[in-house]
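Me: Could you walk me through this structure a piece at a time? I would like to ask things as they come up.

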Amino acid sequence: MLYFFLQNEIGFMGPVGTYYAEKAIPIPLFILLALIFVFIPYLLGSFNTALFVSKKMYHDDVRNHGSGNAGFTNIMRLYGTKAAVITFAGDLLKTILAIMVGWCTLGYFTAYIAGLACFIGHIAPVFYQFKGGKGVVCTATIMFMLDWRIFLIELVLFIGILVSTKYMSLASVISAMAYPIFLNRMNHTGLFLIELIAVIIAIIIVIKHRANLSRIYNGTESKFKFKRTKKVSAEEEAK
């Protein structure tokens, strides 16, 4: 029988610590388990918090306004801090759950795959005609859960770019492009496929932000502010 060899974790990685042990998984079993660490995280990612918030709290569709993106930044611009915090928390929680599903399946490697599946679900949600967000919060959560050192470096980089330029999109793109580079330098697991996953995430984020980059080049991109730009009635705010 053919086997898939990987380094499986005895303990949890990321914020708690990492422990590795060699393990061989029969390929048919690995494919069967993929229904768990790919399908479930994808469905979790497909629950788009921004769309839920805009429809339930404001009886609106965030995709019809601003950048047309169903994500944290557009929610902040349209509805303000309260809606943005709920959106951020929802995206954070669903990504953590997805990664835990992957980790509980076969460890570190499948945790990365689960994170990628959740990320893709967020961008192309099956519940919302495959039109979702851009995956920045999901990506940050993947970094934090799977290697907190990279997360801290990326956080400093992200904040530095955002504060200096006020462009959330530019900070997101540069941070995403740096992700596979940092992972390549700090990955000591022997699982080089996780670096490919980081490259895939970076490429998708750049593609999703191509319109933003074009607007930055033309000087028409909106700068990020911690306030909404679309007025919402007091009645809607209370709902």
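Reply: Gladly, and please keep in mind throughout that this is a predicted model. A place to begin is the end of helix α3, which is followed by G80, a residue whose phi is positive, near 100 degrees.

Me: And α3 itself, how many of its residues are buried?

Reply: In α3, 7 of the 8 residues are buried, so the helix is largely enclosed by the rest of the structure. The buried ones are T73, N74, I75, M76, R77, L78 and Y79.

Me: What covers them?

Reply: The cover over the buried residues of α3 includes the helices α2, α4 and α8.

Me: Back to phi for a moment: which residues other than glycine have a positive value?

Reply: Two that can be named are H59, with phi near 50 degrees, and F130, with phi near 60 degrees. As background, most residues other than glycine have a negative phi.

Me: Where do those two sit, and are they buried or exposed?

Reply: H59 lies in the loop between α2 and α3, and it counts as exposed because its relative accessible area is 51%, where exposed means over 50%. F130 is placed in the loop between α5 and α6, and with a relative accessible area of 52% it is exposed as well.

Me: What about N69, where is that one found?

Reply: N69 is also in a loop, the one between α2 (49–58) and α3 (72–79), but N69 is buried, with a relative accessible area of 11%.

Me: What does N69 touch?

Reply: If residues up to four places away in sequence are not counted, N69 touches V62, N74, G132, G133 and K134. One of these, N74, is among the buried residues of α3. There is also a distance to K208 to look at: N69 and K208 are 139 residues apart along the chain, and their C-alpha atoms are separated by 9.5 Å.

Me: New topic, salt bridges. How many are there?

Reply: A search of the whole structure finds 4 salt bridges. One of them joins the side chains of D91 and K94, at 3.6 Å from N to O.

Me: Where do D91 and K94 lie?

Reply: Both are in helix α4 (residues 81–106), where they are 3 residues apart, about one turn of the helix. In general, an α-helix has 3.6 residues a turn, so residues three or four places apart point the same way. D91 and K94 are both buried.

Me: Which other pairs are there, and are their partners buried or partly exposed?

Reply: Another salt bridge is formed by the side chains of D147 and R149, at 2.6 Å from N to O. Within that pair, D147 is buried, with a relative accessible area of 8%, while R149 counts as partly exposed at 32% relative accessibility. A further one links R215 and E221, at 2.8 Å from N to O; here R215 is partly exposed at 29%, whereas E221 is buried at 8%.

Me: Now the nonpolar residues: which ones in the largest core touch the most other members?

Reply: That core has 30 residues, and those that touch the most other members are Y112, F119, I142, L146, Y179, I194 and I201. The elements giving two or more residues to this core are α1 (27–46), α4, α5 (108–123), α6 (136–146), α8 (168–186) and α9 (193–208), and α5 gives the most, with 8 residues.

Me: What is I201 in contact with?

Reply: Leaving aside neighbours within four places in sequence, I201 is in contact with L116, F119, T139, I142 and Y179. There is also a second, separate core of 20 residues, which includes V62, L78, Y79 and F224.

Me: Last one: how many disulfides are there, and why is there no bond from C118 to C138?

Reply: The structure holds 0 disulfides. The closest cysteine sulfur to that of C118 is in C138, and the two atoms are 4.6 Å apart, which is too far for a bond because a disulfide needs the sulfur atoms within 2.5 Å. Both cysteines are buried, C118 with a relative accessible area of 0% and C138 with 1%.

Conventions:
Residues numbered from 1 in each chain as written. Predicted model: local features only at pLDDT ≥ 70, side-chain atom pairs only at ≥ 80, totals over all residues. Heavy atoms only, no water. Helix = DSSP H or I, 4+ residues; strand = E, 2+ residues; numbered from the N terminus. Buried < 20%, exposed > 50% of the residue type's maximum accessible area, 1.4 Å probe, protein only. Contact = heavy atoms within 4.5 Å. Core = buried A, V, L, I, M, F, W, Y, C linked by side-chain atoms within 4.5 Å.
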